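The following exercises are to be solved with the sequence and the coordinates at hand. Each task is followed by a solution in steps.

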Amino acid sequence: MSESSRYQPQAIETGWQRAWRENGLHDTPELKPGDEAFYALSMFPYPSGNLHMGHVRNYVITDVVARVQRLRGNKVLHPMGWDAFGLPAENAAIERGVDPGGWTDQNIASMREQLNQLGLSIDWDREVATCHADYYRWTQWLFLQFLDSGLAYQKDATVNWDPIDQTVLANEQVDSEGRSWRSGALVEKRKLRQWFLKITDYAQQLLDDLNQLEGWPERVRTMQANWIGRSTGAELQFTVVDADGNDTAERITVFTTRPDTIFGASYVVLAPEHPLVAELTTAEHEIEVEAFCDLVSRQSEQERTAEDKPKRGVAIGAQVRNPANGELIPIWIADYVLAEYGTGAVMGVPAHDQRDFLFARQYELPVQQVIIPEDSDEHAFEGGAWTEGGVLIHSGRFDGLPNGEAKLAITAAAAAEGWGQEKVQFRLRDWLISRQRYWGCPIPVIHCDSCGVVPVPAEQLPVELPRDVAFSGKGGSPLAQLESWVNVSCPCCGKPAKRETDTMDTFMCSSWYFLRYSDAKNSQLPFSKEAVDSWLPVDQYVGGIEHAILHLLYSRFFTKVLRDRGLLSFDEPFTRLLTQGMVQGITYKNPLTGKYIAPGDVADPTDPRDPVSGEVLETFFEKMSKSKYNGVDPAVVIDKYGADTARMFILFKAPPEKDLEWDDADVEGQFRFLQRLWRLVDSACERGLSLAAGAGNADAVAQALAEASASGGLKPDEQELRRAVHTAITEISDDLDGDYQFNTAVSELMKLSNAMGSHLEASGEVFACEALRTLLILLAPFAPHLSEELWLKLGGRNSGDALAGSSIHAQRWPVADASALVRDTVPLVIQIKGKVRGNLEVPADADKATLEKLALESDIAAKWLEGKPPSRVIVVPGKLVNLVP
RNA sequence: GGGAGCGUGCCGGAAUUGGUAGACGGACUCGACUCAAAAUCGAGCGCCUUCGGGCAUGUGGGUUCAAGUCCCACCGCUCCUACCA
């Protein structure tokens with residue numbers, strides 16, 4: 001074999017990448033009425049500077065989807081961008097004194113280069129970066145839309161405050177002991193005035209519309225539904241009584257999903273932060289209550305919510321009247337009651353709620369059972385609360401009612417008597433979007449002493465991030481210290497005023513980027529309604545499961561708000577969602593020291609040992625990470641095997657939503673497959689086969705078939721070859737239709753290649769060309785460079801032709817010829833009493849009676865039935881005959 | 001505690017939705033080629049077997065002519081969520 005005909009991906013891939021780009025093969029076509037549009041989207045990355053295997057898997061999957069759609073003749077939008085605001089850039093600024101913007105732009109450039117090496121068919125003309133003013137200008141504009149709709153507001157909220165660095169920390173920056181990741185200081189809770197978006201206004205819609213999302217994984221829908229957390233119950237009011245037991249005007253409202261248990265309420269508990277605590281605490285309890293509130297306020301979120309922790313609380317001295325039975329019961333505060341959920345107050349029903357039960361036992365509060373299980377007069381709980389259904393007792397006029405009915409009856413009574421009402425409660429809370437950080441999108445408002453909060457007028461957008469900023473990592477947001485930036489005149493009254501110095505949560509920036517791609521260059525609006533409505537919703541969205549809740553929920557929320565403002569006309573942004581599994585690397589760990597060993601330091605993988613101590617190592621697969629030395633650098637793989645091998649391996653090794661175990665031996669195997677394809681085409685060329693002038697296309701095949709049937713039919717090899725070709729078309733088309741099964745699609749390519757190895761040589765030119773042509777087109781979405789190269793080699797295009805029309809990627813997806821799959825005879829399985837006993841070759845068109853007859857006459861039947869007629873015969877045409885003796 | 005999902009050879013994984021379990025690939029074994037190795041090509045590859053066959057899809061039951069697939073119970077693993085009243 002000559003040197004020039006070896007498969008060397010390094011020699012062909014970059015050339016094709018450049019040629020595709022220069023010839024605009026991946027440009028987004030203009031949409032005309034009646035066009036089938038397809039929007040294939042990957043979740044855009046944070047530009048860390050390094051592409052990792054998780055990215056590769058994500059983008060390759062989306063790229064295959066996009067390429068298949070183009071081959072099917074659809075107009076495709078396949079863009080890419082950068083989720084470019086966020087902490088890493090600011091940290092680089094603090095630690096190394098670099099400019100966050102410049103650092104980010106460098107990373108973007110280097111990652112774009114790495115992405116291009118994968119041969120992705122991305123339209124870079126529509127690239128967006130959330131940190132560029134021409135993008136965040138519109139993030140600000142959209143914020144003002146929310147403000148105008150009354151969906152953005154400020155309120156005091158508790159934040160994590162680092163007292164040493166004088167700065168706000170995200171939850172992730174506080175370790176499990178409540179210390180700052182940077183300064184190590186014990187983090188305090190502080191109240192700061194923060195911006196919120198009223199996502200709770202859309203809770204019901206966000207929940208209801210999950211039903212529309214049939215193209216989403218069930219578990220993502222479930223996770224969102226749980227996150228929104230709708231529960232139906234009642235708000236009930238307990239009247240506060242004075243020291244003499246007389247009713248006051250004060251009421252405590254609790255939320256409960258179990259109004260049926262109200263007769264069992266033996267106390268009421270407020271969250272320590274509840275506004276009534278200070279007011280209602282009696283003098284003799286003041287010291288204790290204050291100490292308790294102080295203790296709780298210093299606990300981290302994690303400590304506070306650890307479930308195995310004993311529940312703690314104190315009584316505040318005051319009492320309330322149970323509205324159902326008039327009993328006086330005490331008010332407590334406790335750490336297990338959350339201020340932010342419901343009313344921040346609950347009724348304690350120890351007999352029928354496990355938390356109340358534990359609390360009551362700890363503080364010796366009375367336990368009153370009010371529900372007994374049906375068909376049991378036993379005392380139904382020992383050691384635990386009875387939380388199941390049953391019949392009411394000790395509940396006055398409601399005694400004997402099943403508790404389901406009692407819920408309704410008691411809620412109705414409460415409403416009629418003025419001490420309560422039905423209530424739907426959501427777990428979802430409003431979205432806190434303020435960040436006291438520099439590297440984010442500035443919130444475009446101005447605070448004026450006279451006019452209050454004044455939005456920056458739209459024509460003054462963007463509020464640009466100043467670039468001349470000092471980063472110390474201390475003393476709050478760098479923006480707040482930049483007086484020249486902070487001090488402005490009020491757009492309303494012209495008096496001196498101050499800019500908002502908070503920036504937005506980066507999730508704000510990523511909640512609408514997929515809309516911007518439809519009209520990325522628009523300088524008048526974030527996007528035109530026409531453009532956004534013609535491309536969206538996204539037909540296929542691909543990304544990691546880690547975004548199952550926040551990013552996807554926020555994006556859905558944005559979409560609904562913008563729809564309600566008339567900016568777009570669809571309800572949901574993403575029609576189909578694929579959450580790809582993570583990429584795992586082989587990981588070695590010394591079980592004695594707990595240290596991870598790099599695979600490069602393991603001499604013999606079949607007997608992995610610690611290079612220092614000789615200890616036998618644990619071997620397993622785990623998500624790639626630097627600290628475990630189990631990462632595989634995509635650049636190294638591309639260098640060695642080429643992008644096509646990397647793409648094929650990733651797609652073949654595991655179904656897309658499952659975790660993928662990176663295995664060098666398998667990569668090698670994948671490379672061998674591509675080499676075989678190269679040789680297959682090579683020997684076809686040596687035979688003189690060429691795809692020029694449409695050789696092997698549908699017309700040529702139809703003519704050859706007609707000629708063949710006139711002269712005695714196809715040769716057996718040709719029949720086998722055609723069957724393999726058209727089986728592959730059928731199977732691969734099916735695998736790529738909706739539920740993406742790239743792994744089996746690749747295996748079908750292998751089967752086709754195997755069949756061609758056996759039958760191509762003995763087949764006539766037309767059918768050989770049909771097979772080659774089909775194989776290359778089916779391969780094109782998976783291995784775009786190799787298929788393009790082989791296409792050229794085989795004369796599928798002349799090197800002088802314009803690439804835009806003659807590229808393999810401009811061809812049409814093949815259509816299966818059902819007649820190629822037809823056989824004269826088919827194997828019929830003979831079962832005796834359900835067990836397979838043999839095969840019988842039978843005419844494909846035989847009817848049931850014939851099949852039964854053939855089966856009964858067969859040697860198999862003779863042997864197993866021993867001459868007796870079967871008691872029962874089941875015939876499944878085309879499949880089997882089951883004879884039951 | 002709640003929710004979702006999964007369990008198939010040595011390994012990754014297939015299985016037309018109830019119809020020949022183990023496709024395709026990796027690893028491994030043998031053979032051809034080679035001075036040799038790699039590459040390549042060919043063969044084998046669930047377990048047991050007295051070579052008739054028997055047993056096999058986490059375990060135990062059930063439905064069915066027929067179960068990896070449906071139903072019930074149990075065991076194990078993974079992920080998410082977590083005091084939401």
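**Exercise 1. Characterise the second largest pocket of this predicted model by its volume and its lining.**

Step 1. The volume of the second largest pocket comes to about 430 Å³.

Step 2. Its lining consists of 19 residues. Those nearest the centre of the pocket are Ile586, Pro599, Val632, Trp662 and Asp664.

Step 3. Assign the lining to secondary structure. At least two lining residues each come from strand 26 (583-589), helix 18 (634-641) and helix 20 (664-686). Helix 18 provides the largest share, with four residues.

Step 4. Sort the lining by class: 12 residues are nonpolar, three are polar and four are charged.

**Exercise 2. Determine which residues are closest to RNA strand B, and which parts of the strand the protein approaches.**

Step 1. Collect the surrounding residues. RNA strand B is surrounded by 58 residues, and the closest are Thr257, Lys311, Tyr341, Arg355 and Asn882.

Step 2. Classify this surface. The residues near RNA strand B comprise 22 charged, 20 nonpolar and 16 polar ones.

Step 3. Divide the strand atoms within 4 Å of the protein. Sugar or phosphate accounts for 67% of them, and bases for the rest.

Step 4. Examine individual contacts. For the sugar part, a polar backbone atom of Thr257 is 2.5 Å from a sugar or linking oxygen of RNA strand B. For the phosphate part, an N or O atom in the side chain of Arg837 lies 2.9 Å from a phosphate oxygen of the strand. For the bases, a polar side-chain atom of Arg429 is 2.9 Å from a base nitrogen.

**Exercise 3. Compare the span of helix 1 with the expected value, and state which of its residues are buried.**

Step 1. Helix 1 covers residues 9-22, which is 14 residues.

Step 2. From the first C-alpha to the last, helix 1 reaches 20 Å, close to the 20 Å expected at 1.5 Å a residue.

Step 3. Apply the burial criterion. The buried residues of helix 1 are Pro9, Ile12, Glu13, Trp16, Gln17, Ala19 and Trp20.

Step 4. Inspect what follows the helix. Gly24 comes after helix 1 and has a positive phi, near 65°.

**Exercise 4. Are the loop residues Gly86, Ser511 and Lys833 buried or exposed?**

Step 1. Locate Gly86: the residue lies in the loop between strand 3 (81-82) and helix 3 (87-96). Because the relative accessible area of Gly86 is 13%, below the 20% limit, the residue counts as buried.

Step 2. Look for a partner distant in sequence. Met504 is 418 residues from Gly86 along the chain, yet their C-alpha atoms are separated by 9.8 Å.

Step 3. Locate Ser511, in the loop between helix 14 (506-509) and helix 15 (513-516). Its relative accessibility is 0%, so Ser511 is buried. The side chain of Ser511 also reaches the backbone oxygen of Phe507, at 2.5 Å.

Step 4. Locate Lys833, in the loop between strand 30 (825-832) and strand 31 (835-843). Its relative accessibility is 64%, and Lys833 is therefore exposed.

**Exercise 5. Identify backbone geometry that merits a check in the loops, considering omega and phi.**

Step 1. Recall the reference case: most peptide bonds are trans, and most residues other than glycine have a negative phi.

Step 2. Examine omega. The bond from Leu461 to Pro462 is cis, with omega near 0°. Pro462 is placed in the loop between strand 20 (452-455) and helix 13 (483-486). The bond from Leu536 to Pro537 is also cis, with omega near 0°. Pro537 belongs to the loop between helix 16 (529-535) and strand 24 (540-544).

Step 3. Examine phi. His394 is not a glycine, but its phi is positive, about 50°. This residue, His394, is in the loop between strand 15 (391-392) and helix 12 (403-417). Lys833, also a residue other than glycine, has a positive phi near 50°.

**Exercise 6. What are the overall composition and extent of chain A?**

Step 1. Chain A contains 29 helices and 33 strands.

Step 2. Along the principal axes, its C-alpha trace spans about 110 × 85 × 70 Å.

Step 3. Of the 885 residues in chain A, 52% are buried.

Methods: Residues are numbered from 1 along each chain as its sequence is written. Chains are lettered from A and ligands numbered from 1 in the order in which they are written. This is a predicted model: local features need pLDDT of at least 70, side-chain atom pairs count only at pLDDT 80 or more; totals for chains, interfaces and linings use all residues. Side-chain values use heavy atoms; hydrogens and water are left out. On a 1 Å grid over the protein atoms alone, a cavity is a set of points where a 1.4 Å probe fits but cannot get out, and a pocket is an open set with protein on both sides within 12 Å along at least five of seven lines; lining residues have an atom within 4 Å of a point. Grid points are joined across faces, edges and corners, and a volume is the space filled by probe spheres set on the points. Ala, Val, Leu, Ile, Met, Phe, Trp, Tyr, Cys and Pro count as nonpolar, Asp, Glu, Lys and Arg as charged, and the others, Gly among them, as polar. A residue is near a molecule or strand if one of its heavy atoms lies within 4 Å of it. A polar contact is a pair of N or O atoms within 3.5 Å; within protein, one must be able to donate a hydrogen and the other to accept it, and residues adjacent in sequence count only if both atoms are side-chain atoms. The expected span of a helix is 1.5 Å times one less than its number of residues. Buried means under 20% relative accessible area, exposed over 50%, partly exposed in between (1.4 Å probe, protein chains only).
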